[in-house]
Amino acid sequence: MQIKRIGLLTGGGDSPGINAAIRAVVRRAWKEKIEVLGYANGWAGPLEGRARVLDRDSTSGILPIGGTILGSSRTNPFKIDGGPQKIITNLRSAQIDVLIAIGGDDTLGVAHRLAEYDVNVIGIPQTIDNDLALTDYSIGFASALATITDALDKLHTTAHSHHRVLILEVMGRDSGWLGLLGGLAGGADIILIPEIPFSVSAVYHQINERKRRGRHFSIIVISEGASPQELAEPVVQEKEVDPFGHVKLGGIGDALGRALNKFLDLPARVTTLAYLQRGGISDPFDRILATRFGVAAVEFAGDGLFDKMTALQGNDIIPVNLADVLAASPQLIDNKLIELAALFD
Ligand code: F6P
């Protein structure tokens, strides 16, 4: 199939590195004389037919810039009356041969469902949570990890001076990739992740055990999706769900701080990193990964490899079935890494 025009969109929570992928798609397509149309604001773009031509000039200088020049949203066309049909009509009238979607499980889930309507889709994995299956890494994870590590380096000096317990809440809805690897890179003493429900009294015991060893400060990293055994439900900011059925997480760090403060001599202090993890410039790993994914996506399109996702496995970029990715996601952190982190308490 001769590809003449590619549609491109970025959906879901943003992260540093997306723009490097957009630039790579445009550059690789340009070599084949393929036009790229960039849709605005995730799935809202093809729904409303809002797009602009992306070329070498309009994507020049975006390599290191965080966020996405296309804008993003959590629009779910399958929750909108006639949504999928509108998208199909708009893609046809714009003569889009292939649609490349950059995002996490929600964005790629929509892409896969559209493939059932004979839309040629290719996904590029992008989520700071790194919870998409069948790829070693997703765009944005490494940059977010660098932000967490930097925060922990800073928290260490003040925790040490004040002999305090400092809690850092990080993102990670279902999986502890950010929490565990961030905690490992930043030398956290206690790491609490969604995969393993924790007990407040065990955390208190660990802090005291450290004191007994002469460590008068403790750094705790906690994922937003971690939950204490003592509570029946996870701590949430808003119970209302987004168009993909997710509640707004956040607040578990404060809840843990309040619970510990009933017993501690010096109050625990809480820092919530929140959107700082999603912002800023991308790190070199993400720039290279995003560039490789963007180039591969255009090449998959040329080879007629549709309903696939670009995946990093080992050092290779390979096509994997979107259906398989979605069936196996969220990808939880493996036990070997959990055991490794447990050595550093
Ligand atoms: O991008 C994924 C994520 O970072 C989750 O860890 C977090 O729960 C969610 O986004 C919050 O995003 P928003 O507030 O934009 O819906």
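In the predicted model, G123 stands opposite M309 of strand 12. Strand 12 (residues 308-313) and strand 5 (residues 121-125) run parallel and pair over two bridges; strands count as paired if DSSP finds at least two bridges between them. Helices (H or I, at least four residues) and strands (E, at least two) are DSSP runs numbered from the N terminus. Residues are numbered from 1 along each chain as its sequence is written. Local features need pLDDT of at least 70 and side-chain atom pairs pLDDT 80 or more, while totals for chains, interfaces and linings use all residues, and side-chain values use heavy atoms, without hydrogens and water.

Strands 5 and 12 belong to an open sheet of seven strands with mixed pairing, in the order 3-2-1-4-5-12-13. Strand 3 (51-54) and strand 13 (316-321) form its edges, each pairing on one side only. From one strand to the next, the twist averages 30°. Helix 4 (residues 105-115) packs on the sheet and touches strands 1, 4, 5 and 12, contact meaning heavy atoms within 4.5 Å. The direction of helix 4 makes about 155° with that of strand 4 (axes are lines fitted to C-alpha atoms, for helices over the stretch in contact; angles run from 0 to 180 degrees between N-to-C directions).

The largest nonpolar core has 31 residues, of which L8, I22, I100 and I124 touch the most other members. Such a core is a set of buried Ala, Val, Leu, Ile, Met, Phe, Trp, Tyr and Cys residues joined through side-chain atoms within 4.5 Å; buried means under 20% relative accessible area (1.4 Å probe, protein chains only). Helix 9 (284-302) gives the largest share of this core, eight residues.

Key:
Buried < 20%, exposed > 50% of the residue type's maximum accessible area, 1.4 Å probe, protein only.
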